[in-house]
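The following exercises concern the chain shown below. Each task is followed by a solution in steps.

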Amino acid sequence: MDLNLDVQEIQINKELNLKGKVCPYTFIESMLALEEMEVGEVLRIIVDYPPAVCDVPKSLKNEGYEILDVSPINETDWAIVVKNTEFK
């Protein structure tokens with residue numbers, strides 16, 4: 001997923017390492033972390049479970065969060081960058 005954003009310029013407010021976790025726990029823990037954050041803050045989620053790379057961003061977007069980036073970190077890990085948005 002290339003969202004044409006320079007990830008280096010995005011200020012990360014919190015990082016959540018979910019390596020070793022599988023779905024649905026990756027989504028549940030991501031939601032819990034975002035619920036504790038202020039509107040406008042950015043969460044970087046690290047996952048190593050391949051289905052989570054697609055499922056977590058899709059599920060968070062369905063919940064109203066803004067997905068800023070999904071990109072590989074190395075051969076096994078991915079970063080999902082999510083902005084906590086105000087629910088409408």
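**Exercise 1. Determine how many helices and strands the chain has, and in which order the elements run.**

Solution. The model is a predicted one. Step 1: the chain holds 2 helices and 4 strands. Step 2: read from the N terminus on, these elements follow the order β-α-β-α-β-β. Step 3: of the contacts with a separation of 6 or more, 66% join residues 24 or more positions apart. Step 4: of the 88 residues in the chain, 35% are buried.

**Exercise 2. Compare the reach of helix α2 with its expected value, and state which elements its buried residues pack against.**

Solution. Step 1: α2 covers residues 50-62, which is 13 residues. Step 2: from first to last C-alpha the helix reaches 19 Å, close to the 18 Å expected at 1.5 Å a residue. Step 3: the buried residues of α2 are Ala52, Val53, Val56, Pro57 and Leu60. Step 4: a general property of helices helps in reading such a list: an α-helix has 3.6 residues a turn, so residues three or four places apart point the same way. Step 5: the buried residues of α2 pack against α1 (25-35), β2 (42-47), β3 (66-72) and β4 (78-83). Step 6: after α2 comes glycine 64, with a positive phi near 105°.

**Exercise 3. Identify which elements supply the largest nonpolar core, and describe what valine 82 touches.**

Solution. Step 1: the core has 18 residues, and those touching the most other members are Leu34, Leu43, Ile45, Val47, Leu60, Ile80 and Val82. Step 2: two or more residues each come from α1, β2, α2, β3 and β4. Step 3: α2 makes the largest contribution, with 4 residues. Step 4: leaving out residues up to four places away in sequence, valine 82 touches Leu34, Glu41, Val42, Leu43, Ile45, Leu60, Tyr65, Glu66 and Ile67.

**Exercise 4. Is asparagine 84 buried or exposed, and which backbone oxygens does its side chain reach?**

Solution. Step 1: asparagine 84 lies in the segment after β4. Step 2: its relative accessible area is 5%, and buried means under 20%, so asparagine 84 is buried. Step 3: the side chain of asparagine 84 reaches the backbone oxygen of leucine 34 at 2.9 Å and that of glutamate 38 at 3.3 Å. Step 4: among the residues that asparagine 84 touches is Tyr65. Step 5: tyrosine 65, in the loop between α2 and β3, also counts as buried because its relative accessibility is 4%.

**Exercise 5. State how many salt bridges the structure holds, and locate the partners of lysine 14 and glutamate 15.**

Solution. Step 1: there are 4 salt bridges in the structure. Step 2: lysine 14 pairs with glutamate 36, with 3.8 Å between the closest N and O atoms. Step 3: lysine 14 lies in strand β1 (residues 14-17) and glutamate 36 in the loop between α1 and β2, so this pair ties together parts 22 residues apart in sequence. Step 4: lysine 14 is partly exposed at 30% relative accessibility, whereas glutamate 36 is exposed at 63%. Step 5: glutamate 15 meets arginine 44 in a salt bridge of 2.7 Å, N to O. Step 6: glutamate 15 in strand β1 and arginine 44 in strand β2 are 29 residues apart, and the pair links distant parts of the chain.

Conventions: Residues numbered from 1 in each chain as written. Predicted model: local features only at pLDDT ≥ 70, side-chain atom pairs only at ≥ 80, totals over all residues. Heavy atoms only, no water. Expected span 1.5 Å × (residues − 1). Buried < 20%, exposed > 50% of the residue type's maximum accessible area, 1.4 Å probe, protein only. Contact = heavy atoms within 4.5 Å. Core = buried A, V, L, I, M, F, W, Y, C linked by side-chain atoms within 4.5 Å. Polar contact = N/O pair within 3.5 Å; in protein donor to acceptor, adjacent residues only side chain to side chain. Salt bridge = Lys/Arg side-chain N within 4 Å of Asp/Glu carboxyl O.
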